[in-house]
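Me: Let us go through this structure by asking what stands behind each label. Keep the answers short.

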Amino acid sequence: MNRLSERDICTKFITPAILQAGWTLNQFREEVTLTAGRIRIQKNLASRITNPNDEHGPRRADYVLYYKPNVPIAVLEAKDATHSVGSGMQQAIKYSQMLGVPFAFSSNGRAFLFHNPYASDGIVEREIPMNEFPSPETLWAMYSTINNLTPESEKTILQDYHLGSSNKTPRYYQMVAINKTLEAIARGQNRLLLVMATGTGKTYTAFQIIWRLWKSRTKKRILFLADRNILVDQTMSNDFKPFGSAMTKIRDRKADPSYEIYLALYQALTGTEASKDIFLNFSPDFFDLIIIDECHRGSPDEEGLWHRILDHFSSATHLGMTATPKETEYVSNIDYFGPPVYTYSLKQGIQDGFLAPYRVVRIDFDRDLEGFRPERGQKDKNNNEIEDRIYYQSDFDRTLVLEKRTTLVAKKITDFLTATDPLHKTIVFCEDIDHAERMRQAIVNCNPDQIRKSEQYVMCITGDNKEGKAQLDNFIFPEKTYPVIATTSKLMTTGVDAQTCHLIVLDKTIRSMTEFKQIIGRGTRINEDYNKYYFTIMDFKKATEHFADPDFDGEPVQIFVPDSPDASPVPPEVYEPGDEINLIPAEDPRDYEPLTDTSNNKKRMKYYVNNVSVQVIAERDQYFDPSGKLITESLRDYTRRAVTSEFESMDAFLKYWTAAEKKQIIISHLQQEGVLFEALAEDVGRELDPLDLILHVVWDQPPLTRSQRVKKVRETDYFSKYSEPARRVLDSLLDKYADQGVIQIEEPGILNVDPFPGFGTVTEIIKSFGGLDEYNRAVRELEKALYCA
């Protein structure tokens, strides 16, 4: 038994024991993938970490046990027989917490260890024989007792999910959100809050909640509230489509009571006068459930648009959904809805690999940091005398326009897209509609070649612009090339599902953490079909200082600020000491001054100045370590400290390197400890092996290039002990090493790529070495010869 692998133990002992206990094949799944694996950005390339042994790789549970499909109640982790029965318990508990279930099991094929923190006798973990694994009914009875479920509430909780023809299953966090919400409603909770980061599928989650409550007849009439037409229309045509003829959108201020699923805008149900509130045409008990999408925007105070609606339907269950609950001195989602029944944050989404990570380009202008004061009597381009005071960054494009600043912003956006991809979808957030239109003009003038290809290359998409709004769907749909750039103010801050947005530009003063998170959320969706794995934030107004706020929960992978009008806005790969210039912008006493003159309720004058120069100043190029902390020292010093904290001497490191059968294991381990090999290679030399990078940077050893190591091996009689076919293979492996490095020659599939198929089939190649073990031994000896060189 000790010779059996973990998979053998599962097949021969654990699975039969589960089946013997009465579990059917559709009540448990093996090797269940919970997370996708974090996306790592290296220079302008992104790759998903697929190694499950990597700290940020995909998480897979050996077994998940379900009472019904998508209703999990336990997790089981397996180990081979050389491990103790409880060796997998900590991992099982971790996964059970992720899935929101109380029970965990660990087994080595000899017995089970059962973890039940709610055991009535106080014994949380007990060992049980293989033939006494609990049945589904036993575990469900325990689960029901823990959660105070009644037969009526069980009917709700056990209602089937909608799977449809595609058989789409929810991600683990969506499943937890759906199940926890149903459990809370089944227990009689009538005010609920669900917090899920933008891009994690809130609407799909809402659909499954409504579907199961509707099908179980727990809730018969449901109202889904949003505050923008595009949110309602997208929802009806996509996730809510299975409701079919039972669903309607309230429009034209008409209340038709013949449907069961209603979608509506707050504005469509309310009016400026109580007599125009059409929701009053429905009786107070008409709706059983009301879901408020993006509930942070409709204020939950007594003056809020949707407060009057909810107050009228007070007997219904109210579920608020948002990525960013609003909590201020004046407004509180939690006060109204209660603490969230479940939270899935931006940070967790990035760590799990379901949301796109991002890097930041910070660009500071001299006028933004120093302020601008007009000369006495100076007039703007419209011959208006400019009020004599100091204008700060928060004034620009709100009360005073520096046209050369707008031009410079447009140029930096263009430079970035030219250096990366001119067709990458981009959203530029501006102060107001006027600013969005001027920004559109400036970008048009910077891109005459692109405009000749399509007049829709850049569009102003704002609430008052019909032509722009008509292009919103084309901007959103990945298969549509144009528009590429959208300038906007408020319209696209939330609810716009722009899956392929690669660049978010912030030329807007953002004081609200809620608004900041919503704007960042425009770029967090991943679309692998269109190679969208990460995005860039280009910040012109210090909005990304919100990253330092403890309320923010997702760190950027890189922050970079170019320092001159001619500097490229694309971040370099390497941080160098001395690049950082600390500039403290002038303090702005008018940061919170309203744009309206409250004495006569007139809109404040906006000045347009076209003869004031603006330049880029300051540069900072920074990296974040694996824990998300900012690296403030040079890359070489950081690498030296990271490696020497792990290895006390060069000899200790070399011993570790030599002993490893696969160098990939060492490289992955060092990456987890924070060594940035891509950045080091860019800085020191891309032709160097990881070993030479470490020895040179950490212990100041003279490096050899990969080509030099290959040359030294070929100068020896290393190949003489092999047959001619085997020599050709090894010689080609040396070429692969020289071109791409040691990881490539360790890849199992290397023999399937050129030039190896020309030497015969994989089986024939391995046979030329005498078998698989001999081939693997030859590769290890080849590496040994390379590193002895």
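**Labels and their grounds**

Reply: Of the 789 residues in the chain, 54% count as buried. The model is a predicted one. Its secondary structure comes to 28 helices and 30 strands.

Me: What share of the contacts between residues at least 6 apart in sequence joins residues at least 24 apart?

Reply: That share is 72% in this chain.

Me: Why is Thr248 called buried?

Reply: The cut-off for buried is under 20% relative accessible area. Thr248 has 15% relative accessibility, so Thr248 counts as buried.

Me: Where does Thr248 lie, and which residues is Thr248 in contact with, leaving aside neighbours within four places in sequence?

Reply: Thr248 lies in strand β11, residues 247-249. With neighbours within four places set aside, Thr248 is in contact with Met236, Tyr259, Ile261, Tyr262 and Leu263.

Me: What makes Gln450 buried?

Reply: The test is again under 20% relative accessible area. Gln450 has 12%, so Gln450 is buried. Gln450 is found in helix α15, residues 448-453.

Me: Which residues does Gln450 contact beyond its neighbours within four places in sequence?

Reply: They are Pro422, Leu423 and Tyr457. Pro422 is 28 residues from Gln450 along the chain, and their C-alpha atoms are separated by 8.3 Å.

Me: Now the helix pairs. Why is α24 called roughly perpendicular to α28?

Reply: The axes of α24 (residues 706-714) and α28 (residues 772-788) come within 8 Å and cross at roughly 110°. Angles of 65 to 115 degrees count as roughly perpendicular. The crossing angle therefore makes α24 roughly perpendicular to α28.

Me: Which residues make that contact, and how do they divide by class?

Reply: Helix α24 brings Arg709, Val710 and Val713, while α28 brings Ala785, Leu786 and Tyr787. By class, the contact of α24 with α28 has 5 nonpolar residues, no polar ones and 1 charged.

Me: What makes α20 oblique to α21?

Reply: Helices α20 (residues 650-659) and α21 (residues 663-672) have axes that come within 8 Å and cross at roughly 135°. Roughly perpendicular runs from 65 to 115 degrees, and roughly antiparallel needs over 145. The angle fits neither class, so α20 is oblique to α21.

Me: Which residues meet between α20 and α21?

Reply: Phe653, Tyr656, Trp657 and Thr658 in α20 meet Lys663, Ile666, Ile667, His669 and Leu670 in α21. The contact of α20 with α21 divides into 6 nonpolar, 2 polar and 1 charged residues.

Me: Next, the enclosed space. How many cavities of 30 Å³ or more are there, and what space lies in the largest?

Reply: The count comes to 2 cavities of 30 Å³ or more. About 90 Å³ of space lies in the largest cavity.

Me: What makes a residue part of a lining?

Reply: A lining residue has an atom within 4 Å of a cavity point. For the largest cavity, the lining is Val71, Pro72, Leu99, Gly100, Val101, Tyr143, Ile157, Val176, Asn179, Lys180 and Glu183. Elements β5 (71-78) and α5 (172-186) are those that give two or more residues to this lining.

Me: Which element gives the most to the lining of the largest cavity?

Reply: Helix α5 does, with 4 residues.

Me: How do the residues of the lining of the largest cavity divide by class?

Reply: They divide into 7 nonpolar, 2 polar and 2 charged. Gly counts as polar here, and Gly100 is among the lining residues.

Technical notes: Residues numbered from 1 in each chain as written. Predicted model: local features only at pLDDT ≥ 70, side-chain atom pairs only at ≥ 80, totals over all residues. Heavy atoms only, no water. 1 Å grid on protein atoms, 1.4 Å probe; cavity = no way out; pocket = protein on both sides within 12 Å on 5 of 7 lines; lining within 4 Å. Points joined across faces, edges and corners; volume = space filled by probe spheres on them. Axes fitted to C-alpha atoms, helices over the stretch in contact; angles between N-to-C directions. Parallel < 35°, antiparallel > 145°, perpendicular 65-115°, else oblique. Contact = heavy atoms within 4.5 Å. Buried < 20%, exposed > 50% of the residue type's maximum accessible area, 1.4 Å probe, protein only.
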